[in-house]
Amino acid sequence: MEAENHTEVPQFLLLGFSDDPKLQPLLCGVFLCMYLFTVLGNLLIIVAISSDSHLHTPMYFFLANLSFVDICFTSTTVPKMLVNVQAQSKNISYIGCLIQVYFFTIFVGMDNFLLTVMAYDRYVAICHPLYYMVIMNPRFCGILVLISWFIMFWVSLLHILLMRWLTFCVGTEIPHFFCELAQILKVACSDTLINNIFLYVATVLLGVFPFTGILFSYSRIVSSLMRISSARGKYKAFSTCGSHLSVVSLFYGTGLGVYLSSALTHSSLQNSVASVMYTLVTPMLNPFIYSLRNKDVKGALRRLLNLPASCLLWVTTT
């Protein structure tokens with residue numbers, strides 16, 4: 001294939017899942033439902049936390065931010081995929097691809113940071129309960145979130161600036177349903193050594209280190225719980241971590257699945273299916289995990305959903 005500069009390559013081709021026209025309506029319906037469930041579920045979590053004063057604590061502040069990031073995370077990739085499936089098109093512009101890479105990198109990194117900060121929050125709450133509100137004060141919580149956004153903004157921008165130096169062949173095909181950075185580097189026609197080095201370094205610094213921080217926080221939590229003599233006390237303290245542990249396991253488990261799938265198989269379909277678990281299923285399940293396993297969130301959601309009925313009852317009786 002003839003290599004040309006990226007300015008002469010107006011679009012890429014996203015191979016997606018299947019070329020079978022009979023499967024397109026089914027794929028569109030399934031992913032549309034999953035996307036709507038993701039957005040609605042996470043919006044309910046945000047509204048419930050914002051409207052209930054009992055949930056104005058550091059843990060739920062971070063949860064609201066996580067829900068917002070998950071909405072943005074799925075909105076970066078799924079709407080474009082739905083448009084392409086509906087239009088029976090595989091095209092995405094070069095600029096559109098860069099935008100997807102930029103925001104996808106930001107939001108996946110923010111998910112990573114927020115889960116780490118939430119683990120630290122649980123560590124302080126269980127291991128240093130008397131100093132919890134002093135350490136996790138609103139200003140400090142806000143700074144942690146702002147620093148996370150700042151770091152991911154610049155890391156994503158550096159990825160994009162490095163991509164601008166790459167050249168691509170005419171009719172470049174990306175074996176995925178969205179523009180994933182690793183897949184784009186594989187199909188580039190120019191040398192990607194610097195891009196790959198920066199990708200690996202960023203993955204270690206922004207992926208492995210935060211995960212290590214989560215493991216350290218929970219090792220300290222377990223160590224602290226071992227000193228509690230009452231079994232009921234241990235359960236009560238650790239029950240506040242159940243939802244977070246479930247989300248962490250889902251996030252890193254599916255992320256590891258995507259990595260192993262791309263490393264061990266060259267099937268674009270298997271890679272795409274694994275990425276769906278990571279980019280769509282995990283954000284969709286997070287609100288259900290927190291609402292089902294957390295009594296405070298469950299109560300806030302119940303009060304929020306009962307509010308329209310109460311208002312309607314008040315109007316009809318007056």
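**Helix H5, a salt bridge and a disulfide**

Me: Which residues of H5 are buried?
Reply: Happy to start there, with a note that this is a predicted model, where local features need pLDDT of at least 70, side-chain atom pairs count only at pLDDT 80 or more, and totals for chains, interfaces and linings use all residues. Residues are numbered from 1 along each chain as its sequence is written, and side-chain values use heavy atoms, with hydrogens and water left out. Buried means under 20% relative accessible area, exposed over 50%, partly exposed in between (1.4 Å probe, protein chains only). In H5 the buried residues are Cys141, Leu144, Val145, Ser148, Met152, Val155, Ser156, His159, Ile160 and Met163.

Me: What span does H5 reach from its first C-alpha to its last?
Reply: Helices (H or I, at least four residues) and strands (E, at least two) are DSSP runs, numbered from the N terminus. H5 covers residues 138-163, which is 26 residues. The expected span is 1.5 Å times one less than the number of residues. For H5 that expectation is 38 Å, and the helix comes close to it, reaching 38 Å.

Me: Which helices do the buried residues of H5 pack against?
Reply: Take His159 as an example: it is buried at 5% relative accessibility. Leaving aside neighbours within four places in sequence, His159 is in contact (heavy atoms within 4.5 Å) with Thr105, Leu181, Phe198, Leu199 and Ala202. The buried residues of H5 pack against H2 (58-87), H3 (94-127), H6 (181-187) and H7 (193-226).

Me: Which side chains meet in a salt bridge?
Reply: A salt bridge here is a side-chain nitrogen of Lys or Arg within 4 Å of a carboxyl oxygen of Asp or Glu. A search of the whole structure finds 1. Both partners are buried, and at 2.9 Å, N to O, they are Arg122 and Asp121.

Me: Where do the two cysteines of the disulfide, Cys97 and Cys179, lie?
Reply: Counting cysteine sulfur atoms within 2.5 Å as a disulfide, there is 1. The sulfur atoms of Cys97 and Cys179 are 2.1 Å apart, and the link is left-handed, with -120° about the S-S bond. The pair ties together parts 82 residues apart in sequence, because Cys97 lies in helix H3 and Cys179 in the loop between strand E5 (173-174) and H6.

Me: Both Cys97 and Cys179 are buried; which cysteine sulfur is nearest to that of Cys241?
Reply: Cys241 is in no disulfide. Cys241 is also buried, with a relative accessible area of 0%. The nearest cysteine sulfur, 9.0 Å away, is that of Cys127.
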